[in-house]
Amino acid sequence: MKIKVKYLSDISPLKCITGGDWIDLRTAEEVNMAKGEFKIIRLGVAIQLPEGYEAIVVPRSSTFKKYGIILTNSLGVIDESYCGDNDEWRFPAYSLNGTYIPKDTRIAQFRIIKHQPEFEFETVDALDNPDRGGIGSTGTR
């Protein structure tokens, strides 16, 4: 399968990774942010996803540690209709410390997945499964 990518900035090209790893996204601009500032950071690509697919975008695990920014909506979902020449992928960031990020820095990653299948919800009186103990209970037994 081939996926069309339009580069909107002179950044390093996307690299396909075998074995299920996520694909890195880079800053398309130099970023300066003050503590408490919100900024939508350009990622320099517009991508035509295949029909029936969407992309999940999240920060790289080192992004907060290195730059003190968080993705304000926790994760991004980009559907296949966001595919125009100017539909640039972006990273809505909030700076907790104030930061400088050079252009072409890896700050996010994405994975392409199939759309969720169609299904219906069925109301029941019981699920007939054992309870696990609630949120935060793993490893406490």
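A residue counts as buried when its relative accessible area is under 20%, as exposed when that area is over 50%, and as partly exposed in between. Keep these cut-offs at hand for the exercises below, which all work on a predicted model.

**Exercise 1. Pro50 and Tyr53**

Decide whether Pro50 and Tyr53 are buried or exposed, and find a residue that lies across from each.

*Solution.*
- Step 1: Start with Pro50, which sits in the loop that joins strand E5 (45–48) to strand E6 (53–59).
- Step 2: The relative accessible area of Pro50 is 17%, so this residue is buried.
- Step 3: Now look for a partner of Pro50 in the chain. Lys4 is 46 residues away along the chain, yet the two C-alpha atoms are separated by 9.0 Å.
- Step 4: Move on to Tyr53, a residue of strand E6. With 18% relative accessibility, Tyr53 is also under the 20% cut-off and therefore counts as buried.
- Step 5: Find Ile112, 59 residues from Tyr53 along the chain; their C-alpha atoms are 6.6 Å apart.

**Exercise 2. Two aspartates with positive phi**

Compare the settings of Asp104 and Asp128: where does each lie, and how accessible is each?

*Solution.*
- Step 1: Check the backbone angles. Phi is near 75° at Asp104, a positive value in a residue that is not glycine. Asp128, likewise not a glycine, has a positive phi of about 60°.
- Step 2: Place them in the chain. Asp104 belongs to the loop between strand E10 (99–101) and E11, while Asp128 is in the segment after E11.
- Step 3: Apply the cut-offs. Asp104 has 23% relative accessibility, so it is partly exposed. Asp128 reaches 72%, so it is exposed.

**Exercise 3. The largest pocket**

Describe the largest pocket: what is its volume, and which residues and elements line it?

*Solution.*
- Step 1: The volume of the largest pocket is about 330 Å³.
- Step 2: Its lining has 17 residues, of which Ile3, Cys16, Ile23, Phe110 and Ile112 are the closest to the centre.
- Step 3: Two elements contribute two or more residues each to this lining: strand E1 (4–7) and strand E11 (106–114). E11 contributes the most, with 3 residues.
- Step 4: Sort the lining by character, and you get 13 nonpolar residues, 1 polar and 3 charged.

**Exercise 4. The second largest pocket**

Repeat the analysis for the second largest pocket: which residues line it, and which element gives the largest share?

*Solution.*
- Step 1: The second largest pocket holds about 160 Å³ of space.
- Step 2: Its lining includes Val57, Leu71, Asn73, Tyr82, Glu88, Trp89 and Arg90.
- Step 3: Strand E8 (76–79) and E9 are the elements that supply two or more residues to this lining. The largest share comes from E8, with 3 residues.
- Step 4: By character, the lining splits into 7 nonpolar, 2 polar and 2 charged residues.

**Exercise 5. A nonpolar patch on the surface**

Which residues make the nonpolar surface patch of about 520 Å², and how accessible is Tyr94?

*Solution.*
- Step 1: Collect the members of the patch: Phe38, Ile40, Phe64, Ile70, Tyr94 and Leu96.
- Step 2: Locate Tyr94 in strand E9 (residues 90–95).
- Step 3: Compare Tyr94 with the cut-offs. Its relative accessibility is 33%, so Tyr94 counts as partly exposed.

Terms used. Residues numbered from 1 in each chain as written. Predicted model: local features only at pLDDT ≥ 70, side-chain atom pairs only at ≥ 80, totals over all residues. Heavy atoms only, no water. Patch = residues over 30% accessible without salt bridge, like charges linked within 9 Å, V, L, I, M, F, W, Y side chains within 5 Å. Areas by Shrake-Rupley, 256 points an atom, 1.4 Å probe, with all protein chains shown as cover. Salt bridge = Lys/Arg side-chain N within 4 Å of Asp/Glu carboxyl O. Helix = DSSP H or I, 4+ residues; strand = E, 2+ residues; numbered from the N terminus. Buried < 20%, exposed > 50% of the residue type's maximum accessible area, 1.4 Å probe, protein only. 1 Å grid on protein atoms, 1.4 Å probe; cavity = no way out; pocket = protein on both sides within 12 Å on 5 of 7 lines; lining within 4 Å. Points joined across faces, edges and corners; volume = space filled by probe spheres on them. Nonpolar A, V, L, I, M, F, W, Y, C, P; charged D, E, K, R; others polar.
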